[in-house]
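Biologist: Please take me slowly through a single part of this model, and then place that part within the chain around it. I am new to reading structures, so please explain each term when it first comes up.

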Amino acid sequence: MEGTAVRGRLTWQTATVTEIVPETARASTIVFEIPDWPGHRAGQHLDVRLTAEDGYRAERSYSIASAPGEPVAITVERLEDGEVSPYLTEDLRAGDEIELRGPVGGYFVWDPGTDRGPLLLAAGGSGVVPLRSIIRHRERTGATAKARLLYSSRSLADVIYRDELERSDAGLDVLYTLTRSHPPGWDGHTGRVDAALLAEVAWPSGQDPLAFVCGPTSFVEAVAESLVGLGYPAVRVKTERFGATGGRS
Ligand SMILES: Cc1cc2nc3c(=O)[nH]c(=O)nc-3n(C[C@H](O)[C@H](O)[C@H](O)COP(=O)(O)OP(=O)(O)OC[C@H]3O[C@@H](n4cnc5c(N)ncnc54)[C@H](O)[C@@H]3O)c2cc1C
């Protein structure tokens, strides 16, 4: 309507940080109070905007880590030479205000009411963040879809949400593959996710599984291609790319 300010998901607004939870040495979860939040779906993201005193602005996208209905949270992994992630993980404090907008994205989402089939969740590094929202949503709604998380991480110490993932009941299988170092006696998988590992751990295509693959672009492309090679229809492989810089694993 002319003359009426329409607030929507693409309107920047000021959120207040209510809590910062360290997850690993490099990653922290930031919880927000957002005055005008329309609600989100599991798997969506939001945009954060920082403005310097001289007016210079930087914008980045972050997946929403919390389930629909929970306070909105993101989990940010610090890139040493990054512009935005060091500020979010090191300088931001509870009580600070920050500009954000969202939720964004209508494709990389999971809805237990309409999305059928066992879930295959594949994460590279901080790509686990939107999958955590899906995992929590599945548990909170009592959804019965089988779910398996394949999580590629540099080391066990870099695994985000490890306690929560391992506590998770409701039939969630969690499989790690560690790409750079592993503890003595580690009997789990090592190295990057490849077609052979996926052939071993992915639900057979005959079960009509639904895959969510998230992480650095190279990880996402390799996993999606392998799943299609295993007979997953491309429409059953949903992908979210964090780019070359986000969530290295
Ligand atoms: C939809 C979406 C969701 C995301 N969700 C998350 C999330 O949940 N958690 C999270 O931690 N991150 C997430 N990201 C990544 C995030 O948006 C930022 O990219 C990340 O935090 C790095 O930002 P930065 O400003 O710290 O680093 P930048 O300053 O952008 O870059 C860091 C380093 O990468 C180098 N670099 C920049 N561009 C390139 C390039 N094209 N190729 C190679 N090197 C390059 C820079 O030179 C620098 O050395 C998401 C990205 C998208 C698109």
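Modeller: What follows is a close look at F212 in strand β11, set against the chain as a whole and a few other places in it.

This is a predicted model, in which local features need pLDDT of at least 70 and side-chain atom pairs count only at pLDDT 80 or more, while totals for chains, interfaces and linings use all residues. Residues are numbered from 1 along each chain as its sequence is written, and side-chain values use heavy atoms, with hydrogens and water left out.

Let us begin with the setting. The chain folds into five helices and twelve strands, where helices (H or I, at least four residues) and strands (E, at least two) are DSSP runs numbered from the N terminus. Its radius of gyration is 18 Å, close to the 18 Å that the globule rule gives for 249 residues, so the chain is as compact as a globular protein of that length; this radius is taken over C-alpha atoms, and the rule is 2.2 Å times the number of residues to the power 0.38. Along the principal axes, the C-alpha atoms fill a box of roughly 55 × 45 × 30 Å. Of the 249 residues, 51% count as buried, a word that here means under 20% relative accessible area, with exposed meaning over 50% and partly exposed lying in between (1.4 Å probe, protein chains only). Among contacts (heavy atoms within 4.5 Å) between residues at least 6 apart in sequence, 71% join residues at least 24 apart.

Now for F212 itself. With a relative accessible area of 0%, F212 is buried. Leaving out residues up to four places away in sequence, F212 touches F108, V109, W110, L119, L120, L121, A122, L131, I134 and K238. By contrast with these contacts, T11 is 201 residues from F212 in sequence and 28 Å away in space, C-alpha to C-alpha.

One of the residues that F212 touches, F108, deserves a separate look. The structure holds two aromatic pairs, and rings of Phe, Tyr and Trp (its six-membered ring) are said to pair if their centres lie within 6.5 Å, with planes under 30 degrees apart counting as stacked, over 60 as edge-to-face and the rest as tilted. The rings of F108 and F212 have centres 5.3 Å apart and planes at 85°, so this pair is edge-to-face. The pair links distant parts of the chain, since F108 lies in the loop between β6 (97-104) and β7 (119-124), whereas F212 lies in strand β11 (residues 210-215), 104 residues apart. F108 is buried too, with a relative accessible area of 3%.

Strand β6, which comes before the loop that holds F108, has a detail of its own. P103 is found in strand β6, and the peptide bond that leads from G102 to P103 is cis, with omega near 0°. Before strand β11, in the loop that runs from α4 (195-201), we find D208, whose phi is positive, about 55°, although D208 is not a glycine. As background, most residues other than glycine have a negative phi, and most peptide bonds are trans. D208 is partly exposed, at a relative accessible area of 40%.

Y161 makes a useful companion to D208. Phi of Y161 is near 65°, again a positive value in a residue other than glycine, and Y161 is found in the loop between β8 (147-153) and α3 (162-167). At 3% relative accessibility, however, Y161 counts as buried.

Finally, some loop residues show the other side of the picture from the buried F212. G69, in the loop between β4 (57-63) and β5 (73-77), is exposed, with a relative accessible area of 73%. G69 and G39 are 30 residues apart in sequence, and their C-alpha atoms are 7.0 Å apart in space. R192 lies in the loop between β10 and α4 and is likewise exposed, at 63%.
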